[in-house]
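Reader: I've got this one loaded and want to walk through it with you. Mind if I fire off some questions as we go?

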Amino acid sequence: MMKTNLKKIGVALMAVAVLSSCEAVQNANNTQKGAVIGTAAGAVLGGVIGNNVGKRNSALGAVIGGVVGGVAGGVIGKQMDKQAQKIESEIPGAEVTRVGEGIDVVFDENSGVYFETNKSNINEKSKANLNKLAGIFKEYPDTNIIVEGHTDSTGDDSYNMSLSQKRANAVTEYLVSQGISRGRLTTYAHGETLPKYDNSTPEGRAKNRRVELGIVANEKMKREAQEQVKQ
């Protein structure tokens with residue numbers, strides 16, 4: 001089942017208005033989130049998340065940091081709902097989360113896009129899933145995609161950074177080879193610096209060895225949403 005709540009952020013937001021608005025975001029449906037996050041709470045939450053995940057140099061940071069907000073944000077959110085549902089239905093291994101006005105997609109080493117130990121080449125099963133993903137991106141052309149690579153904490157820091165860069169680059173280049181415009185894609189490497197799970201367990205390390213995608217509205221989608229609201 002697709003996750004519909006915002007990812008949990010371990011911070012305290014002091015203003016009562018901000019707290020109530022954040023609760024509204026968590027309890028809203030997917031389309032409503034785009035509108036709610038445009039409030040003062042959305043601005044604060046965007047800054048907090050951005051600071052905690054490398055600002056916009058990360059999938060989640062880009063999704064939250066690039067919100068339009070208000071009614072136009074709700075229009076964008078509705079379009080993102082459809083794309084997220086398509087990804088989830090066609091690529092069951094992907095962890096798909098609707099966040100604000102965008103989509104966060106995670107492929108760990110057990111789902112969707114696989115890499116052998118210390119390898120960065122894309123195998124045949126991974127190609128099959130990336131082919132499906134490229135098809136969805138073509139169906140929804142008015143989005144930009146952030147591709148980022150991550151590793152677990154095993155091994156040398158610099159080696160992990162290099163490996164995560166190679167894996168992220170491999171995904172980006174494959175999507176380009178399938179007809180996705182390079183201009184839509186931004187690639188980042190984080191090595192072991194942004195774990196989502198406990199690196200002290202084998203299961204946690206496996207999940208941290210991942211490629212994560214952020215899908216956000218491009219300027220055309222934002223402009224059209226704002227024009228739609230004015231009509």
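Reader: How many aromatic pairs does a search of the whole structure find?
Author: Bear in mind that this is a predicted model. To count as a pair, two ring centres must lie within 6.5 Å. With the whole structure searched, the number of aromatic pairs is zero.

Reader: Okay, then which residue lies over the face of Tyr197?
Author: For a charge to sit over a ring, the NZ of a Lys or the CZ of an Arg has to be within 6 Å of the ring centre. Here the distance from the ring centre of Tyr197 is 5.5 Å, and the residue over its face is Lys207.

Reader: Let's zoom out. What pattern does the chain follow along the sequence?
Author: The secondary structure adds up to nine helices and five strands. Reading along the sequence, you get α-α-α-α-α-β-β-α-β-α-β-α-β-α.

Reader: In what order do the five strands sit in the sheet?
Author: Take the pairings around β2. Strand β1, residues 95-99, pairs with β2 in the antiparallel sense over five bridges, and β2 also runs antiparallel to β5, residues 210-217, with six bridges joining them. The sheet as a whole is open with mixed pairing, and its order is β1-β2-β5-β3-β4.

Reader: And which strands stand at the edges?
Author: An edge strand has a single partner, so one side of it is left without a neighbour in the sheet. From one strand to the next, the twist averages 20°. The strands at the edges are β1 and β4.

Reader: Why is β2 described as largely enclosed by the rest of the structure?
Author: Look at both directions its side chains take. Gly102, Asp104, Val106 and Asp108 point one way, Ile103, Val105 and Phe107 point the other, and all are buried. β2 is largely enclosed because the buried residues in the strand number seven of the seven.

Reader: How about β1, how many of its five residues are buried?
Author: The cut-off for buried is under 20% relative accessible area. β1 is mostly covered by that standard, and the number of its residues that are buried is four.

Reader: What is the bridge partner of Val106 in β5?
Author: Start on the β1 side, where Glu95 has Val106 as its bridge partner in β2. Elsewhere between β1 and β2, Val96 stands opposite Val105, and Thr97 stands opposite Asp104. Over in β5, the bridge partner of Val106 is Glu212.

Reader: Which residue in the turn between β1 and β2 has a positive phi?
Author: β1 and β2 form a hairpin, with two residues between them. The phi in question is about 55°, and it belongs to Gly100.

Reader: Does a helix pack on this sheet, and if so, which helix lies across β1, β2, β3 and β5?
Author: The helix in question covers residues 70-90 and runs at about 175° to β1. Ala72 has its place in that helix. The helix is α5.

Reader: Which residues does Ala72 touch, not counting those up to four places away in sequence?
Author: Ala72 is buried, with a relative accessible area of 7%. Its C-alpha is 9.8 Å from that of Met221, 149 residues away along the chain. With the sequence neighbours set aside, the residues touched by Ala72 are Ala225, Gln226 and Val229.

Reader: Now Ile146 in β3: is it buried or exposed?
Author: Ile146 lies in β3, residues 143-149. Its contacts beyond four places in sequence include Ser58, Thr186, Tyr188 and Val216. The C-alpha atoms of Ile146 and Leu213 are separated by 5.4 Å, although the two are 67 residues apart along the chain. At 6% relative accessibility, Ile146 counts as buried.

Reader: Last one: what share of the contacts with a separation of 6 or more comes from residues 24 or more positions apart?
Author: For the chain overall, 48% of the 231 residues count as buried. The accessible surface comes to about 10800 Å², with 51% of it belonging to carbon and sulfur atoms. The share of those contacts from residues 24 or more positions apart is 73%.

Definitions and conventions: Residues are numbered from 1 along each chain as its sequence is written. This is a predicted model: local features need pLDDT of at least 70, side-chain atom pairs count only at pLDDT 80 or more; totals for chains, interfaces and linings use all residues. Side-chain values use heavy atoms; hydrogens and water are left out. Buried means under 20% relative accessible area, exposed over 50%, partly exposed in between (1.4 Å probe, protein chains only). Contact means heavy atoms within 4.5 Å. Rings of Phe, Tyr and Trp (its six-membered ring) pair if their centres lie within 6.5 Å; planes under 30 degrees apart count as stacked, over 60 as edge-to-face and the rest as tilted. A charge sits over a ring if NZ of Lys or CZ of Arg is within 6 Å of the ring centre and within 35 degrees of the ring normal. Accessible areas come from the Shrake-Rupley method with a 1.4 Å probe; for residues, only the protein chains shown count as cover. Two strands pair if DSSP finds at least two bridges between them. Axes are lines fitted to C-alpha atoms, for helices over the stretch in contact, and angles run from 0 to 180 degrees between N-to-C directions.
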